[in-house]
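Good morning, and thank you for the time. I would like to take you through one structure, beginning with its aromatic rings and then turning to sheets and cores.

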Amino acid sequence: MKSNSEEELKQKVAALSQKLSDQKEEWQQRLDECEDRYHRVVNATSEGYLRLDLDHMILETNKAFTHILGQDEESLIGCYFNSLYDKRTVEIYFASPDHISLAAEFKTTKGAVLPILINRSVMYNKADEQVGYVVFLTNMSELRNAQKEIEKAEKRYRSMYENAVQGMFQATLTGRMIRANPACARLLGFKSPDQLLALNQYIDYFFCDINDRIQMISILETTGVLENHEVKLKRKDGRKIWLLVTARLIRKKDSEPIIEGIMLDNTVIKITQEKLQHSRERYRHLATHDSLTGLYNTRYLYRILDRLILEYGILNDPFSIIFMDMDNFKQIVDTHGHLNGSQALAEVARTIKSSIHDPCFGVAYGGDEFVIVLPGFNKSEALIKAKEIRNKMKSTLYLSLVTQGVHLKASFGIATFPEDAKDRAELLALADQAMFRIKRSGKDAVG
């Protein structure tokens, strides 16, 4: 009997041991799931998150915060949180023994300064001992920008009403002018409100496009309010002006609805904006183009080649480049001068542009060298295109407006992706080498 009891005891111990082992495995799995869920939640939030030790050293961060600063997680772990922001910009909103809410300015890796709201709370362990801090961070840039825009608008409207320098008017919904202040009269080209009202013209008379007025009326009838609506009007003298109109529709039981509004002359700003837009487009063009030839520059070339290699690598399609170098171009410069040499390069660039079509493009590579990028061209097609450019050069008389005209020649080298090379540097180098082989073997050919 004793032996049977011992055996039963052993079996019970073994069963209990197995049950504990299974429970431990289940608990570990649950713990892993909780930890995974915790990391997914932390990284899913749009707010920045940090876990600090008692010395404010960063122990953990999330993707949102690394994105805000433009840094990777490895560079932030081990840094002291207080070193990331300008302490002179700190504004404290709330503070208690366990929590503090403040704002400060952080600098990103690109040099941008961001206002960030910081909410820091103390972390305790099960023994109620302080073990560190948890921090949530919110980028307030958009909020600050919105506040600034609201402040600007409030200031503008306050000035309009207090100083009465903007055009103020009342008109019926059908467009008959009822009242106008002197500024409104001057905007429309009249010396006084009396002259404007004596004209007895409906507002339609001043609109360059009557559809603008129809749209304004539609908005007013739908919402009752019109805010900073841009319209183009013609003055009494015919001059065109741009106005920003803010108005409201006043409905009365026993009379026709009235439009009451303020007009702000926006002509100078509109013209400035158009000029600024033109300047931005011009500078955007200069950032990617060569000023002499109008072709793309090397900065654009390197960026696009990297993109083409990625795209065409996925599609498993070819594209080619032509490296082109002028033959004996120094003689042209020595004979006709540097200015005419530059003019000759500009005319050669026109030859290149006339020989290709989108998405192909030419690049002023430097000096008297050019690169032609041919998306979708295999080597044989690129060879045909290079010969086409060469033949067009041979049949063109350059500098014909300043000299009796000169004939120009060039050497061409071709490289194709992915047949010859699979990265940008090697592709350019192989095309360059192919061109130099032509140079050494007699020039004025394609290789």
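Let me begin with a definition: rings of Phe, Tyr and Trp, the last by its six-membered ring, count as a pair if their centres lie within 6.5 Å. Please bear in mind that this is a predicted model. By that rule, the count comes to 13 aromatic pairs. One of them joins F65 and F106, with 6.3 Å from centre to centre and 90° between the planes, an edge-to-face arrangement. F65 belongs to helix 2 and F106 to strand 4, so the pair ties together parts that are 41 residues apart in sequence. Both F65 and F106 are buried. They also belong to one aromatic cluster, together with F81 and Y85.

I turn now to the sheets. Six strands make up an open sheet, in the order 2-1-6-5-4-3, with antiparallel pairing. Strand 2, residues 58-61, and strand 3, residues 85-95, each have a single partner strand, so one side of each is left without a neighbour in the sheet. From one strand to the next, the twist averages 25°. Within this sheet, strand 5 and strand 6 pair in the antiparallel sense over nine bridges, and S121 stands opposite V134 of strand 6. In addition, R120 lies over the face of Y133, at 4.6 Å from the ring centre.

Another open sheet has five strands, in the order 8-7-11-10-9, and its pairing is antiparallel as well. Its edges are strand 8 and strand 9, each of which pairs on one side only. Neighbouring strands here are turned by 30° against each other on average, direction ignored. Strand 10 and strand 11 run antiparallel and are joined by nine bridges; A247 has G261 in strand 11 as its bridge partner. Helix 7, residues 210-223, lies across strand 9, strand 10 and strand 11, and runs at about 165° to strand 9. A charge over a ring appears here too: the charged end of K270 sits over the ring of W242, 4.6 Å from its centre.

Finally, the cores. Which residues of the largest nonpolar core touch the most other members? Among its 30 residues, they are M324, M326, F370, L408 and F412. Several elements give two or more residues to this core, including strand 12, helix 10, strand 14 and helix 12. Helix 11 provides the largest share, five residues. A second, separate core has 27 residues, among them I203, L226, V245 and L249.

Technical notes
Residues are numbered from 1 along each chain as its sequence is written. This is a predicted model: local features need pLDDT of at least 70, side-chain atom pairs count only at pLDDT 80 or more; totals for chains, interfaces and linings use all residues. Side-chain values use heavy atoms; hydrogens and water are left out. A nonpolar core is a set of buried Ala, Val, Leu, Ile, Met, Phe, Trp, Tyr and Cys residues joined through side-chain atoms within 4.5 Å. Buried means under 20% relative accessible area, exposed over 50%, partly exposed in between (1.4 Å probe, protein chains only). Helices (H or I, at least four residues) and strands (E, at least two) are DSSP runs, numbered from the N terminus. Two strands pair if DSSP finds at least two bridges between them. Axes are lines fitted to C-alpha atoms, for helices over the stretch in contact, and angles run from 0 to 180 degrees between N-to-C directions. Contact means heavy atoms within 4.5 Å. Rings of Phe, Tyr and Trp (its six-membered ring) pair if their centres lie within 6.5 Å; planes under 30 degrees apart count as stacked, over 60 as edge-to-face and the rest as tilted. A charge sits over a ring if NZ of Lys or CZ of Arg is within 6 Å of the ring centre and within 35 degrees of the ring normal.
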